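User: I should like to go through the strand pairing and the charged contacts of this model. Please set each term against its definition as it arises.

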Amino acid sequence: MDSVEGEGRTAPAGAGEWEREPHPSDSLRTFGAVVQALREHAGLSREEFADIVRFSKHTVASVELGRRMPDDSFVERGEQATGGTGALRKASRHLTRGEPGLAAWFRRWARLEREAVSLCTYECRLVPGLLQSEAYARAVFEGAIPLRTDEELEAQLAARMDRQRMMRERPTVPFSFIVEEHVLRRRFGDAEAMRELFDHVLERTAPRNVTLQVVPLEAGLHACLDGPVQVLETPEGRRLAYSEGQKNGRLISDPKEVSVLCHRYETLRSQALNPEESRALLERLRGEL
């Protein structure tokens with residue numbers, strides 16, 4: 001597995017049915033230029049502005065470069081930081097999403113995610129992208145081969161963080177995650193970075209519509225050993241699946257194949273720790289750092 005969950009990669013040769021990699025939309029570029037101009041007019045460095053809006057300087061840079069859709073909170077705090085002219089609020093009303101940082105083959109699945117009435121994710125390689133902390137995601141992208149440019153890395157990171165908004169914005173949609181314990185034990189960075197990751201996962205899985213189940217190390221072999229998989233249900237009641245390998249991804253629509261994957265997922269759900277036990281395990285792992 002490429003370990004970047006479809007974000008930021010290019011389409012493989014022969015994938016003519018996929019579109020070219022998207023570029024930041026004109027509205028995002030324009031909004032970013034407005035943010036930068038107002039920030040500089042206010043005499044603020046990126047670091048100073050980042051402290052005020054309570055986002056990282058990397059996020060501020062991504063917004064100014066037109067590579068990231070700003071949160072409402074970013075707009076409001078940015079408005080206050082730059083004199084309350086109303087310019088950022090007005091400019092934000094005209095924002096449209098490009099899809100920077102998403103591989104062509106993943107883009108279709110990302111669109112389906114935003115409309116799904118339920119989403120199930122099994123992961124055996126990494127913490128699922130929808131649950132990753134920013135530092136964890138950055139470490140994943142920085143370790144990818146071939147190496148990315150700084151701009152490519154920021155676009156990938158922005159795409160991943162932007163996808164996470166979906167969970168916050170859709171509090172009635174069921175999100176289910178099953179993750180192997182060894183994934184959570186894999187170290188990156190220092191103890192503080194690991195604690196931040198555990199805190200982030202615990203926070204993202206705390207709402208009533210989100211469940212996290214951990215497959216303990218002692219669970220042994222199970223039905224999902226073929227690799228990670230995601231399954232969703234569309235508003236029309238259709239079930240679709242997505243699987244990913246080295247340098248490719250596949251959207252699965254055949255009802256029989258999707259049915260098999262759903263059955264495997266449900267079987268593994270019964271073998272994993274329940275949500276309460278899973279949260280307790282995460283808290284214990286955090287406490288051991």
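**Sheet, strands and salt bridges**

Analyst: Strand E5 (residues 239-245) and E6 run antiparallel and are joined by five bridges. In this pairing, Gly-245 has Asn-248 in E6 as its bridge partner. The model is a predicted one, in which local features need pLDDT of at least 70 and side-chain atom pairs count only at pLDDT 80 or more, while totals for chains, interfaces and linings use all residues. Residues are numbered from 1 along each chain as its sequence is written, and side-chain values use heavy atoms, with hydrogens and water left out.

User: What makes E5 and E6 a pair?

Analyst: Two strands pair if DSSP finds at least two bridges between them. E5 and E6 have five bridges, so the criterion is met. The strands themselves are DSSP runs (E, at least two residues), as are the helices (H or I, at least four residues), and both are numbered from the N terminus.

User: Which strands form the open sheet, and in what order?

Analyst: The order is E3-E2-E1-E4-E5-E6, with mixed pairing. E3 and strand E6 (248-252) are the edge strands, since each pairs on one side only.

User: How do you know that the pairing is mixed?

Analyst: E1 pairs with strand E2 (residues 175-180) in the parallel sense over five bridges, whereas E1 and E4 pair in the antiparallel sense, also over five bridges. Glu-123 stands opposite Val-179 in E2, and Cys-120 stands opposite Val-231 in E4.

User: Why is strand E1 (residues 118-123) called largely enclosed?

Analyst: Six of its six residues are buried, so the rest of the structure largely encloses E1. Buried means under 20% relative accessible area, exposed over 50%, and partly exposed in between (1.4 Å probe, protein chains only). Ser-118, Cys-120 and Tyr-122 are buried on one side of E1, and Leu-119, Thr-121 and Glu-123 on the other, which leaves both faces covered. In a regular strand the side chains alternate between the two faces of the sheet.

User: Why is the contact between Arg-89 and Glu-76 called a salt bridge?

Analyst: A salt bridge requires a side-chain nitrogen of Lys or Arg within 4 Å of a carboxyl oxygen of Asp or Glu. The closest N and O atoms of Arg-89 and Glu-76 are 3.0 Å apart, so the contact qualifies. Arg-89 belongs to helix H5 (residues 87-92) and Glu-76 to helix H4 (residues 72-81), so the pair ties together parts 13 residues apart in sequence. Arg-89, at 32% relative accessible area, is partly exposed, and Glu-76, at 33%, is partly exposed as well.

User: What makes Glu-154 and Arg-138 a salt bridge, and are these residues buried or exposed?

Analyst: Their N to O distance is 3.0 Å, so the 4 Å limit is satisfied. Glu-154 lies in helix H8 (residues 150-169) and Arg-138 in helix H7 (residues 134-142), so parts 16 residues apart in sequence are tied together. Both Glu-154 and Arg-138 are buried.

User: How do you know that Asp-226 is exposed?

Analyst: Its relative accessibility is 69%, so Asp-226 falls in the exposed class. Its salt-bridge partner Arg-264, with 3.1 Å between the closest N and O atoms, is partly exposed at 26%.

User: How many salt bridges does the structure hold?

Analyst: There are 19 salt bridges. Arg-39, Glu-40, Arg-46 and Glu-64 are linked in a network of such contacts.
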